[in-house]
Amino acid sequence: MKLIGLCLLLSLLSGCAPYGVVDNEPESEPASKQGYSFETVARRGAGDMSLMLAFSGGGTRAAALAYGVMLELRDTMVVIDGQQRRLLDEVDLISSVSGGSFTSAYYGLFGDRIFEDFEEVFLRRNVQGTLLRALFNPLRWFSSAGRTEMAVDLYEKTVFHNKTFADMQRQDGPMILINASDLGYGVRFSFIQEYFNLLCSDINSYPVARAVTASSAVPILFHPVVLRNYAGCGQSELAWLESARKRVIDNAELTQVVEGLETYGKKEQRPYAHFVDGGITDNLGLRAIYEIVEVSGGIQTFLKSVDRRPPGRLVVISVNASTNPKPEMDKSNKQPSLEESIGAVSSAQLHRYNAATLELMDETLPRWAEDLSTPGRQVQSHFIQLGFNDIDRPDLLQFFNLIPTSFDLSDEQVDKLIEAGRELIRSNPDFQSLLAEQGRASAR
């Protein structure tokens, strides 16, 4: 609620809008073929399990909950191909939005270093306070740099240290999908080379901090992150969309996705694209996985395109940090404030869309497993959903529901969120079923 009020105030303070800083380079040969993409990133992928994580939005609350889940995966040993391995080392892909993107991007860049300093670097840092001090500095209200550039500079200096997507290509790391929303056309956009190809641009030199800023840029509070939609790279980058449109013709939602992506081919009409909070189009990070696979032609086609043999198990773990606090407006007949009304409408839309997304993935994952199965080899699927609603202690559930969507939490809140992430996955029946089927090794 406080965040919404701040958005309204800042919209009044911003008398003139700055121009967005463009920081993406045009496509060059052969650089684009070596970009951060599904085709070129060295994935683990050799084992018999394909494990994907999805981190939701929700500010530091989401980042801390996701971090707790990763800690538990690190400490969970399983038997893979006859060898004891950390379950974390079996993660092939992490898809994230907004607050969850800080955790995924940091792990994508620095690996296990996340367990040494991420709490100090981000989770326990008053990021919001630092930004607010700059935002309410009268000298910056009409700055040509804009509020978003202040956020980019802060994340560069304190979290990501000028790393680019070229640095993300760790040999032992999973694929990281940092997702944002195209403000102009409402389509989801992932910061990988496949999407940068639509912009005739190379992703390798693009700053990770700027992608995470886009993923978490709440509209009005922050200006969009702007990318140049370059011309001159030919139509091959868009050719696959033509065949994709034919494949999804019977699916209205996927048709809308393809049509949105096709707009990047209209270079004269769209020389620029504006990106904001990924939670607007996919607050759970799950639709990114679904859309990429389905638009490519299905799970079999997708695995062939990335040279990955079908696994024996398809596993998706959804880490949902959304909360459901009780509204105060119904305690009296006083008319709700504008802030309360906007918050209630946003919350209702978010929870309904989240429910639809979870149902979609719950139906899709078994279908993918069936498509990959053969008469002699049945592929198993596991969709593991983690969220605060799984907590059976009313006092603890209330504690989490009252944690705001902000980038400034107390040490107590961070501690309990991290432990909640560990406990939620540790006690999840579907997760325990996976461990029993896979073969759990002794804990570290």
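**Two helices and a covered strand**

Student: In this predicted model, how do the axes of helix α2 (residues 59-74) and helix α3 (residues 99-110) cross: roughly parallel, perpendicular or oblique?

Tutor: Those two axes come within 6 Å of each other and cross at roughly 40°. Angles under 35 degrees would count as roughly parallel, and 65 to 115 as roughly perpendicular. The crossing angle fits neither class, so α2 lies oblique to α3.

Student: Is the crossing of α2 and α3 left-handed or right-handed, and how many charged residues are in their contact?

Tutor: The handedness is easy: the crossing is right-handed. From α2, Gly59, Ala62, Ala63, Ala66, Tyr67 and Met70 take part, and they meet Gly99, Gly100, Thr103 and Tyr107 of α3. Sort the residues of that contact and you get six nonpolar and four polar, with the charged count at no residues.

Student: Over to strand β11 (residues 313-320): how many of its residues are buried?

Tutor: Take the two faces in turn, since side chains in a regular strand alternate between the faces of the sheet. On one side of β11, Arg313, Val315, Ile317 and Val319 are buried, and on the other so are Leu314, Val316, Ser318 and Asn320. That puts the buried count for β11 at eight of eight.

Student: Which residue of strand β12 (residues 380-387) is the bridge partner of Val316?

Tutor: β11 has strand partners to sort out here. Strand β2 (residues 49-55) runs parallel to β11 with seven bridges, and Ala54 sits opposite Ser318. β12 also pairs with β11 in the parallel sense, over eight bridges. In β12, the partner of Val316 is Phe383.

Conventions: Residues numbered from 1 in each chain as written. Predicted model: local features only at pLDDT ≥ 70, side-chain atom pairs only at ≥ 80, totals over all residues. Heavy atoms only, no water. Axes fitted to C-alpha atoms, helices over the stretch in contact; angles between N-to-C directions. Helix = DSSP H or I, 4+ residues; strand = E, 2+ residues; numbered from the N terminus. Parallel < 35°, antiparallel > 145°, perpendicular 65-115°, else oblique. Left-handed = near helix turned anticlockwise from the far one by under 90°. Contact = heavy atoms within 4.5 Å. Nonpolar A, V, L, I, M, F, W, Y, C, P; charged D, E, K, R; others polar. Buried < 20%, exposed > 50% of the residue type's maximum accessible area, 1.4 Å probe, protein only. Pairing = 2+ DSSP bridges.
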